[in-house]
Amino acid sequence: MSPDQDTIAAIATPVGRAGIGIIRVSGPLSLEIAGKIFIPRNPARRLRSHRLYLGRLVEPSSGDTVDEVLLSFMKAPRTYTREDVLEINSHSGFALLTKILHILLDQGARLARPGEFTLRAFLNGRIDLTQAEAVMDIINSRSERGLYLASQQVKGLFREKIEGLRQRALQILARAEMEIDFPEEDSDLVFREEGADQINRSLVEPVQSLIEAHGSRVWVDGINAVIAGRVNAGKSSLLNRLVEEERAIVTPVPGTTRDVIECTVNIDGIPFKLMDTAGFRSVSNEVERLGIGLTTKRLAESDLVLIVIDRSRPIDKDDLDAIHRCREKKALMVLNKIDLPSGLDPGDRAALSLFPSVQTSALTGRGIDQMKQAMKGTALEDHRLDPNTSNAVPNLRHRQALETALGFFREAAERTKDGFPMEIVALELRSGLDALGEITGETTDEDLLNTIFSQFCIGK
Ligand SMILES: Nc1nc2c(ncn2[C@@H]2O[C@H](COP(=O)(O)OP(=O)(O)OP(=O)(O)O)[C@@H](O)[C@H]2O)c(=O)[nH]1
Ligand SMILES: [Mg+2]
């Protein structure tokens, strides 16, 4: 696959009121465009690569100055994309950045698609797919540990692991192919015992431990936690307590929250994306009904549900409805309003024992710390989380490919031992190799690349 030969341009910083904005250009026209739109303060100077120049950005047709800018030209191949690159630091602001972008487009550049700079870095062989994905993880990281893991991956830690595995698989494959070409009757049995053992040790076990490391992705991805429950239970009050800010409106009127309100809180370094939702009750009001629809959708996508119950009154059918909707989910029951006398009925115990529970008062703040710890404990139940890990951490896509590879390598080991023809073993090994290659992008199709890079922001 060869990269496009056209020149792309995009605004790389958020467009809005800010001190500085950066516009990026990559491709063969970069230097020519710089010559037309930029007049250095010292015109005698020729633009040298990897230097920063102060000057005026001008509209080429009129010669009018658009802004005073800092411009750098970086000659291929020592650049992010391995193509010629221009970077313009101007003042920020929507009108100015858009104007500069239009000038660049008039000079023959094309608007970059999301992630296209990084896609070019990948297509030109500067980074592999795991490194490209880690660039995105760095941008999205919400915790220090997540940032650290993502930066390890950008440096190529995961890439090295996968390439190491591929090398080993290739060596074993070469041996199997030798056996196909020059079968030696008497060494066959020994080879097969030994060969199966080697596949297990060099491929099956390391792939398995990489799959287990996927749990540590929570440092990067965080946990989606939905706060749900009947109306007026204190969901919004709890959200405000957890984030220590008045983010959601709280009133005694049932049905106050309609839209989903999102905020992030770090609990011992793990990012929790909290979503306060519309409370459940059977309603006729169209707006509230739509709100409950949104709640249902968020529930389906959540990693953890906090089912809030007003403990000062008996459980009613709306509480049961909330509990019922979460039966397939990982959930924590939050018995709220413990500053008031308990109003629960003895018969309510069965419903309340379906999930682990904590007791809180969103009003006084009692129990909030315990609630945070319980959230962490419940959410991480199935994760193998090593707080000191500096290991390669596969994302979901990597994990799926690793599982495919694992299946093939296991089969290869079994079949080697069971005396299957070596042609079949070689086939399994090759399929395993292909699955590993999908992770780094060695074997990959355009659809996959589109899916990955379309999640990027424009200008990266
Ligand atoms: N006494 C007491 N009152 C509380 C507590 N938590 C919330 N409240 C009150 O309960 C009422 C409802 O609180 P909200 O936080 O708006 O409840 P909600 O679950 O978000 O309600 P909806 O958005 O309508 O579904 C408000 O009057 C709160 O002040 C608590 O722990 N103790
Ligand atoms: Mg609310």
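Here is a walk through this predicted model, from an open sheet to a buried threonine and then to the two ligands.

Let's start with the sheet. It is open and has seven strands, in the order S3-S4-S5-S6-S2-S1-S7, and the pairing is mixed. The edges are taken by strand S3 (38-40) and strand S7 (110-111); each has a single partner strand, so one side of each is left without a neighbour in the sheet. As a reminder, strands of a sheet pair through backbone hydrogen bonds, either parallel or antiparallel. At the S3 edge, the partner is strand S4 (residues 51-58): the two run antiparallel and are joined by three bridges. If you want a spot to look at there, find Phe38, which stands opposite Leu57 in S4.

Now add a helix. Helix H2 (residues 94-106) lies across strands of this sheet, namely S1 (8-11), S2 (20-26), S4, S5 (65-74), S6 (85-91) and S7. Against S6, helix H2 runs at about 150°.

Next, have a look at Thr7, in the segment before S1. Is Thr7 buried or exposed? With a relative accessibility of 2%, Thr7 counts as buried, because the cut-off for that is under 20%. Its contacts beyond four places in sequence include the run Val25, Ser26, Gly27, Pro28, Leu29 and Ser30, and also Ile33, Gly108, Ala109 and Arg110. With Leu29 there is a polar contact too: a polar atom of the Thr7 side chain lies 2.9 Å from the backbone nitrogen of Leu29.

Further along the chain you reach the ligands. Which residues coordinate the magnesium ion (ligand 2)? They are Ser236, through OG, and Thr257, through OG1, at 2.0 to 2.1 Å. Ser236 lies in helix H9 (residues 235-243), while Thr257 sits in the loop between H9 and strand S9 (261-267), so the pair ties together parts that are 21 residues apart in sequence. Both residues are buried: Ser236 has a relative accessible area of 9%, and Thr257 has a relative accessibility of 10%.

Thr257 also brings us to ligand 1, since a polar side-chain atom of Thr257 lies 2.9 Å from an oxygen atom of that ligand. Ligand 1 is surrounded by 23 residues, and the closest are Lys235, Ser237, Gly255, Thr256 and Asp339. For Asp339, an N or O atom in the side chain is 2.7 Å from a nitrogen atom of ligand 1. Ala233 takes part through its backbone instead, with an N or O atom 3.2 Å from an oxygen atom of ligand 1.

Technical notes
Residues numbered from 1 in each chain as written. Chains lettered and ligands numbered in written order. Predicted model: local features only at pLDDT ≥ 70, side-chain atom pairs only at ≥ 80, totals over all residues. Heavy atoms only, no water. Pairing = 2+ DSSP bridges. Helix = DSSP H or I, 4+ residues; strand = E, 2+ residues; numbered from the N terminus. Contact = heavy atoms within 4.5 Å. Axes fitted to C-alpha atoms, helices over the stretch in contact; angles between N-to-C directions. Donors = N, O, S within 2.8 Å, 3.2 Å for Na, K, Ca; no water. Buried < 20%, exposed > 50% of the residue type's maximum accessible area, 1.4 Å probe, protein only. Near = heavy atom within 4 Å. Polar contact = N/O pair within 3.5 Å; in protein donor to acceptor, adjacent residues only side chain to side chain.
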